[in-house]
Amino acid sequence: MGFDLESVAEATSGAIGALVSTTILYPLDTCKTKYQAEVRAQNQQKYRNISDVFWEAISTRQVLSLYQGLGTKNLQSFISQFIYFYGYSFFKRLYLKKSGNKTMGTKANLIVAAAAGACTVIVTQPLDTASSRMQTSEFGKSKGLWKTLSEGTWIEAFDGLGISLLLTSNPSIQYTVFDQLKQKLLIGQLSKRTGTESSPEALSAFSAFALGAVSKCIASCLTYPAIRCKVMIQAADDNEEGSNEVQEKSHKTKKTVLDAFYAIWRREGPLGFFKGLQAQILKTVLSSALLLMIKEKITKSTWVLLIALKRFLFLKQSRLKNA
């Protein structure tokens, strides 16, 4: 299909939106991740709720440690969102071109979103593993990206890959719901326009925020047990303090999904699968809503800049040929 300008614009705006939203909400993400990673009986829990993690950082004068792993997380977010939005937009346009349809149904949307998500996960899994280990490390003792990855084998850098692939259903559900609601919301605006637009339609900031919040909330509730198991698998080995026996058991329960499920069931019961759900919804809803709001507002600007750049490069190439 050649150079897909609209897909590049979608990918760039999505990646920038991810970068901004990740940075703003990172302290909340760190508290949430450390809270989710702890698996203990109720009378032995270090953190009774997510606020305990925040107060621990304050009491130990390690407030800046709430940002440990931010660079790695931002790198992962930028790369993953660029790949995801580019893949989603590209495969969507390819499907519409091949099928001859003007819109894409829910089933096709889910398949396209899942394919884009799977490609993203495979490329960025080592960064995801490293950022999780850095976040769940003891405050003030987080290591750098290379040191975190080099402590284990490259196979360990892909810890949780299987469940991450399973969780591609999360953004698939989210962006499918968002895209379908967006189309319905814009159809009235499009019908009122007499001419055709050369750039993609954009939602208002409020509409994008609201639709992003609703779509992510639905996706998070459906996939949360798997999300928590993924955090356990990728958490730093020193997350749980105590005897060497406890640490050894903790290390073993972080290797497979079945072990993680069994550890939660044995130590926390059925409700343990939803421990931290409120914090997950709060963080992911705000993050996705901010991401989609920022993406919607800068997509047109990105589109215009890319067109200008393309024309500049074309004119420059033409002059070189004529010289």
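**Cysteines, a nonpolar patch and two helices**

At 36% relative accessibility, Cys 221 falls in the partly exposed class. This value, like every other one here, comes from a predicted model. The closest cysteine sulfur to that of Cys 221 belongs to Cys 217, at 4.4 Å, which is too far for a bond; the cut-off for a disulfide is 2.5 Å between the two sulfur atoms. In keeping with this, the structure holds zero disulfides. Another cysteine, Cys 119, is also partly exposed, with a relative accessibility of 43%.

Attention can now turn to the surface. Ile 16, Leu 19, Val 20, Ile 24 and Phe 78 together make a nonpolar surface patch of about 380 Å². Helix 1, which covers residues 5-24, supplies the largest share of this patch, with four residues. Val 20 is found in helix 1, and its relative accessible area of 34% makes Val 20 partly exposed. A residue needs over 30% relative accessible area to be part of a patch, and Val 20, at 34%, meets that requirement. A general feature of helices is useful to keep in mind here: an α-helix has 3.6 residues a turn, so residues three or four places apart point the same way.

Helix 12 offers a good place to look at the two sides of a helix. This helix runs over residues 257-268 and has 12 residues, which at 1.5 Å a residue should span 16 Å; the C-alpha atoms at its ends are 16 Å apart, in agreement with that expectation. The buried residues of helix 12 are Ala 260, Ala 263, Ile 264, Arg 267 and Glu 268. Because they cover an arc of only 95 degrees around the axis, these residues lie on the same side of helix 12. Leu 258, Tyr 262 and Trp 265 are exposed on the other side of helix 12. To count as buried, a residue must have under 20% relative accessible area, while exposed means over 50%. After helix 12 comes Gly 269, which has a positive phi, near 80 degrees.

A positive phi also appears in a residue other than glycine: for Arg 61, phi is near 55 degrees. Where does Arg 61 lie? Its place is in the loop between helix 3 (50-59) and helix 4 (70-99). Is Arg 61 buried or exposed? With a relative accessible area of 77%, Arg 61 is exposed.

Conventions: Residues numbered from 1 in each chain as written. Predicted model: local features only at pLDDT ≥ 70, side-chain atom pairs only at ≥ 80, totals over all residues. Heavy atoms only, no water. Patch = residues over 30% accessible without salt bridge, like charges linked within 9 Å, V, L, I, M, F, W, Y side chains within 5 Å. Areas by Shrake-Rupley, 256 points an atom, 1.4 Å probe, with all protein chains shown as cover. Salt bridge = Lys/Arg side-chain N within 4 Å of Asp/Glu carboxyl O. Helix = DSSP H or I, 4+ residues; strand = E, 2+ residues; numbered from the N terminus. Buried < 20%, exposed > 50% of the residue type's maximum accessible area, 1.4 Å probe, protein only. Expected span 1.5 Å × (residues − 1). Arc of directions from axis to C-beta.
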